[in-house]
Amino acid sequence: MNDIKIDQKAISNLKEFKNPEDIQFGKTLVPALLKCEYKDGKWGQLEFLPYHKILIDPAAKVLHYAQEIFEGLKSYKNDEEEVFLFRPIENAKRFNLSALRMGMPELPEDLFIDSLHCLVKHSHHTFSKELGDSFYLRPFMFGDEPQLGVKPSSTYQYYLIGGPAGNYFTKPSVKVRVEKESHRASSKGIGSAKTGGNYAASMAANKLTSEQGYDQTLWLDPVYGEFVEELSGMNFFAVIDDVLVTPELSNSILHGITRASLLELAQSFGIKVQEKKISINELMDQIDSKNCTELFASGTASVLTPIECLRLDDRESFVKNPNGLMSLKLKDSLQRLQTGRSEDPFNWRQQVNL
Ligand SMILES: *Cc1c(COP(=O)(O)O)cnc(C)c1O
């Protein structure tokens, strides 16, 4: 356990905090945060502080060279009001893999985990035990050295912010546009790091996607422009001939924890799973011939979101039943496991002491 320096104002802020009428994912944030600074080659003390604006120098590295990484995970409650984190150690490990890729210092895993427990312990009254309700946690780190040379920053700031979250998508299923004109990530680039640059690379295409009446962009591999990779913030799955298929991991795909968990869970149910290259043209043929019966996206925010159609140039393929049996079963069982409503045979949950 790290010794956390606590500002009592952070705790009183949280005690007084009342949720607004309509909670907006990512916008409704609680009025406290955790912070830790890295300088002289080491991390300082973790601090629990009132939510505040960050003051950085205009020459800070992050503003020019995007030396930044983040994570996203949730805390959940069961009917007994017990509170859990889902596989937070996987997020801590991935945070450090991202740090390594971006030339940033690693953050001790226990410091990362302790920050999560601290924020959730003092914020759990802001979300209910209703299924679908949760508390979203956003750890992030950036280089703040004021120096315009293209070299890694010598100083960093780690922060954790968070807020209550309902269901991410209000729609039961989403429409997806396949992007052919640009790539989100390059081969051997930074696609498997959770860093702002990958999201920046997706913004223009996402804009086009919504202008054309679609909800999400599907990215193809950066070498052949042929194989399905993922959505801008979620991994991709298809059910083809009753096999659960997902693109095999590469260094241009983010290694989703929900993705990995769904694969393990599916196998434990005796569902056949396959990680392989999926050609977009073959996939659309399989949707049209009804061999592909379900498509969905996976990620922390929504667990699993059914996809109703894929649009590629002038071609559009509709899935027969977007809320298919396999999607429903996997979503329900992963959600029950995450929220402490079922057994935890994989030891994925971590309980938060309140
Ligand atoms: C975070 C993220 C995901 C989903 O990862 P989870 O660990 O399942 O939340 C998928 N793709 C991208 C690009 C991401 O940034």
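User: What makes the approach of Thr258 to an oxygen atom of the ligand a polar contact?

Analyst: A polar side-chain atom of Thr258 is 2.6 Å from that oxygen atom, and a polar contact is a pair of N or O atoms within 3.5 Å. The protein covers 97% of the 380 Å² of accessible area that the ligand has on its own, with areas from the Shrake-Rupley method and a 1.4 Å probe. The model is predicted: local features need pLDDT of at least 70, side-chain atom pairs need 80 or more, and totals for chains, interfaces and linings use all residues. Residues are numbered from 1 along each chain as its sequence is written, and side-chain values use heavy atoms, without hydrogens or water.

User: Which distances involve the side chains of Lys194 and Glu230?

Analyst: An N or O atom in the Lys194 side chain is 2.7 Å from a ligand oxygen atom. For Glu230, the side-chain N or O atom is 2.5 Å from a ligand nitrogen atom.

User: How many aromatic pairs does the whole structure hold, and why is Tyr38 with Tyr156 called edge-to-face?

Analyst: There are 14 aromatic pairs. Rings of Phe, Tyr and Trp (its six-membered ring) pair if their centres lie within 6.5 Å; planes under 30 degrees apart count as stacked, over 60 as edge-to-face and the rest as tilted. The Tyr38 and Tyr156 centres are 5.8 Å apart and the planes at 65°, so this pair is edge-to-face.

Methods. A polar contact is a pair of N or O atoms within 3.5 Å; within protein, one must be able to donate a hydrogen and the other to accept it, and residues adjacent in sequence count only if both atoms are side-chain atoms.
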